[in-house]
Number of protein chains: 4
Amino acid sequence: MPEAATMERPAQAAPEVGGIAADRLRSVIERIERLEEERRQLGEDIKTIYAEAKGAGLDVKVVRQIIGIRRKEPAEVEAQETLLDLYRRALGM
Amino acid sequence: MPEAATMERPAQAAPEVGGIAADRLRSVIERIERLEEERRQLGEDIKTIYAEAKGAGLDVKVVRQIIGIRRKEPAEVEAQETLLDLYRRALGM
Amino acid sequence: MPEAATMERPAQAAPEVGGIAADRLRSVIERIERLEEERRQLGEDIKTIYAEAKGAGLDVKVVRQIIGIRRKEPAEVEAQETLLDLYRRALGM
Amino acid sequence: MPEAATMERPAQAAPEVGGIAADRLRSVIERIERLEEERRQLGEDIKTIYAEAKGAGLDVKVVRQIIGIRRKEPAEVEAQETLLDLYRRALGM
DNA sequence: AGTCGATTTTTGGGAC
DNA sequence: GTCCCAAAAATCGACT
């Protein structure tokens with residue numbers, strides 16, 4: 001969509017309603033809605049894989065747990081390693 | 001709650017507005033608001049202790065980290081120990 | 001890093017390392033953790049009331065909205081509603 | 001708990017223990033993790049658009065409300081607004 | 001910039 | 001087994 005946007009108040013190219021740039025508002029909303037739709041679709045894809053996994057005899061619940069743990073683990077490992085350091089710093093050592 | 005103050009419409013003890021038990025609605029809201037106020041106050045108390053800690057030379061940020069880690073740690077330790085089991089169960093072993 | 005077992009309550013390892021500051025650190029942590037526990041309990045109480053409200057036929061989400069509205073300044077509430085109307089009109093909704 | 005290093009990517013330990021199911025488990029986990037990463041990226045893209053909108057003078061919170069309203073069925077939107085009005089009147093707000 | 005409180009989405013559990 | 005509801009987690013905007 002080329003450059004009509006810079007024409008601020010001609011009758012129809014870039015209407016303002018109550019001081020709002022309607023085109024910009026509409027553009028923002030439509031772009032977000034489109035990305036949210038893609039996001040929702042990915043959610044469905046993920047569900048499909050879980051369903052396949054279940055069909056293949058895997059325990060979906062524990063697969064979920066595994067993925068959850070893998071997601072959190074790096075932070076947790078680091079937290080463990082940092083704990084003593086934190087105490088020492090808190091005590092000003 | 002039998003207080004005279006709640007009798008906005010003197011004609012009735014338990015007025016309904018549009019099918020809503022107004023007394024009950026009001027009671028729910030007031031109780032929640034009261035608990036939220038207590039909750040907010042505790043938040044302030046906690047802030048005060050952090051301020052004292054800072055005055056005593058402790059590093060507030062790391063004290064926060066320590067408390068955060070202590071809060072999460074039992075779950076994390078357990079998660080670590082459970083991981084291999086999860087894989088085995090997911091594989092049906 | 002010796003024996004994971006000794007890390008379970010790290011506050012106990014501190015007293016010797018930092019002199020008086022270690023005691024203070026422990027005190028700060030324990031007081032905050034106690035207040036946070038009270039705070040958590042209040043959160044549960046609030047949840048219980050919402051559950052009762054639901055059982056009494058109230059729409060919990062709308063009750064939440066009401067509480068949110070009462071929490072804000074009236075002017076702020078109106079400003080927001082006005083802006084929402086404005087945007088809706090800009091979009092022709 | 002011996003040798004933390006071998007636990008970092010537990011999926012690699014699996015192939016030998018469960019035969020073909022281990023491969024399937026790994027595949028499932030990796031495909032899901034990939035989709036989740038794409039999903040996370042879309043979340044960031046959405047955030048970026050909101051930031052742009054804010055920079056353009058739009059009220060992000062209200063834009064969010066608009067999107068929420070458009071997502072719901074019109075009947076649902078009205079039902080909720082009606083209920084809110086009802087509760088407000090029951091409370092004399 | 002980092003925290004906090006609140007809302008919304010996701011996940012696990014239970015009823016039918 | 002499928003659907004709904006409650007608990008948990010992630011996310012967002014506000015404030016400091």
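**View 1. The protein surface near DNA strand F in this predicted model.** Start with the kinds of residue you meet here: three are charged, one is nonpolar and none is polar. You can find them by name, since DNA strand F is surrounded by C:Lys54, D:Lys47, D:Val60 and D:Arg64.

**View 2. What the protein meets on DNA strand F.** Which part of the strand lies within 4 Å of the protein, sugar and phosphate or bases? Of the strand F atoms within that distance, 100% belong to sugar or phosphate. For a close look at one spot, go to C:Lys54: an N or O atom in its side chain is 2.5 Å from a phosphate oxygen of DNA strand F.

**View 3. Where chain A and chain D come together.** Chain A brings 28 residues to this contact, and chain D brings 31 residues. About 2,900 Å² is buried between the two chains, with carbon and sulfur atoms giving 72% of that area. On the chain A side, look for A:Arg39, A:Ile49 and A:Arg70, which lose the most area to chain D and together make up 21% of what that side buries.

**View 4. A salt bridge between chain A and chain D.** Here A:Arg70 pairs with D:Glu33, and their closest N and O atoms are 2.8 Å apart. The count of salt bridges between these two chains is six.

**View 5. The chain A side of the contact with chain D.** Two elements each give two or more residues to this side: helix 1 (22-55) and helix 2 (60-90) of chain A. Helix 1 gives the most, with 19 residues. Sorted by kind, the residues of this side are 16 nonpolar, one polar and 11 charged.

How values were computed: Residues are numbered from 1 along each chain as its sequence is written. Chains are lettered from A and ligands numbered from 1 in the order in which they are written. This is a predicted model: local features need pLDDT of at least 70, side-chain atom pairs count only at pLDDT 80 or more; totals for chains, interfaces and linings use all residues. Side-chain values use heavy atoms; hydrogens and water are left out. A residue is near a molecule or strand if one of its heavy atoms lies within 4 Å of it. A polar contact is a pair of N or O atoms within 3.5 Å; within protein, one must be able to donate a hydrogen and the other to accept it, and residues adjacent in sequence count only if both atoms are side-chain atoms. Ala, Val, Leu, Ile, Met, Phe, Trp, Tyr, Cys and Pro count as nonpolar, Asp, Glu, Lys and Arg as charged, and the others, Gly among them, as polar. Contact means heavy atoms within 4.5 Å. Buried area is the accessible area (1.4 Å probe) that two parts lose on being put together, summed over both. A salt bridge is a side-chain nitrogen of Lys or Arg within 4 Å of a carboxyl oxygen of Asp or Glu. Helices (H or I, at least four residues) and strands (E, at least two) are DSSP runs, numbered from the N terminus.
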